Amino acid sequence: MTSPEAIPGQAPAIPATGRRVLVSSVSSDSHTWNLVYLQLLLEELGHQVHNIGACVPDDLVITECRRLLPDLVVVSSVNGHGAIDGRRLIGRLRAEPDLAALPVIIGGKLGIKGAVAGTYGPELVAAGFTAVFEDGSGVGDFCRYVGSVKSPAELTTGGR
């Protein structure tokens, strides 16, 4: 999907049927197939997706959130370090006043033992994630959740 370039200080155009979604991995995760899958799934649902790739440093996620003004950030992890890297990333995002209300979800293999180790959901939500989808979560639950997310603009103004 070709996306329009952002004008400095303005958000890119929003598709009529969807939201702007930023897709990223955590800084230590070099896997890309999960990011491509998420991009295709979200585009199929009518969202404008900006996939910033694998091994993304926290500073770049923050920069791209400011540049693209997404309605939602989706962070994916396959390498099993999502809980560790994700906790640091969400702490950095929530420390930024202009990004504090931005919906951010994380999912995938969040620990090295996968879903067998238990759930990382409560601790990651407590750290600041809006929602957590662990290894083994159904894609239907993810899609329903994405469809229900309120953008920061909707939270503060009651709509666009």
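A residue is called buried when its relative accessible area is under 20% and exposed when that area is over 50%, with partly exposed lying in between. By that cut-off Asp58, at 7% relative accessibility, counts as buried, and this residue of helix 2 is a convenient place to start reading the structure, which is a predicted model.

Leaving aside residues up to four places away in sequence, Asp58 touches Ser27, Arg88, Leu89 and Arg92. One of these contacts, Arg88, also belongs with Asp58 to a network of salt bridges, in which Asp85 is the further member. Within this network, Arg88 forms a salt bridge with Asp85, and their closest N and O atoms are 3.3 Å apart. Both of these residues lie in helix 3, which covers residues 82-94, and they are three residues apart, or about one turn of the helix. Their surroundings can be told apart by accessibility, since Arg88 is partly exposed with a relative accessible area of 36%, whereas Asp85 is buried at 8%.

The network is part of a wider set of charged pairs. Side chains of opposite charge can pair when their charged atoms come close. Taking a salt bridge as a side-chain nitrogen of Lys or Arg within 4 Å of a carboxyl oxygen of Asp or Glu, the model has a count of nine salt bridges.

Which parts of the chain does the pair Arg20 and Asp71 tie together? Arg20 forms a salt bridge with Asp71, with 4.0 Å between the closest N and O atoms. Because Arg20 lies in strand 1 (residues 20-25) and Asp71 in the loop between helix 2 (58-68) and strand 3 (72-77), the pair ties together parts that are 51 residues apart in sequence. Both partners are buried, Arg20 with a relative accessible area of 4% and Asp71 at 3%.

The loop that holds Asp71 also contains Leu69, whose backbone deserves a look. Phi of Leu69 is near 50 degrees, which is a positive value in a residue other than glycine, and at 35% relative accessibility this residue counts as partly exposed. Cys55, which lies in the loop between strand 2 (48-51) and helix 2, likewise has a positive phi, of about 50 degrees, although it is not a glycine. Cys55 is partly exposed, with a relative accessible area of 36%.

Helix 5, which spans residues 139-148, brings together a salt bridge and a division between buried and exposed residues. Arg144 forms a salt bridge with Asp141, the closest N and O atoms lying 2.7 Å apart, and these two residues of the helix are separated by about one helical turn, being three residues apart. Arg144 is exposed at 57% relative accessibility, while Asp141 is partly exposed with a relative accessible area of 42%.

Where do the buried residues of helix 5 fall when it is seen down its axis? Phe142, Cys143 and Val146 are buried in this helix, and, viewed in that direction, the buried residues fall within an arc of 95 degrees, so they line one face of the helix. They pack against helix 1 (33-44), strand 3, strand 4 (104-108) and strand 5 (131-134). On the other side of helix 5, Arg144 and Gly147 are exposed.

Terms used. Residues are numbered from 1 along each chain as its sequence is written. This is a predicted model: local features need pLDDT of at least 70, side-chain atom pairs count only at pLDDT 80 or more; totals for chains, interfaces and linings use all residues. Side-chain values use heavy atoms; hydrogens and water are left out. Helices (H or I, at least four residues) and strands (E, at least two) are DSSP runs, numbered from the N terminus. Buried means under 20% relative accessible area, exposed over 50%, partly exposed in between (1.4 Å probe, protein chains only). Contact means heavy atoms within 4.5 Å. The arc is that of the directions from the helix axis to the C-beta atoms.
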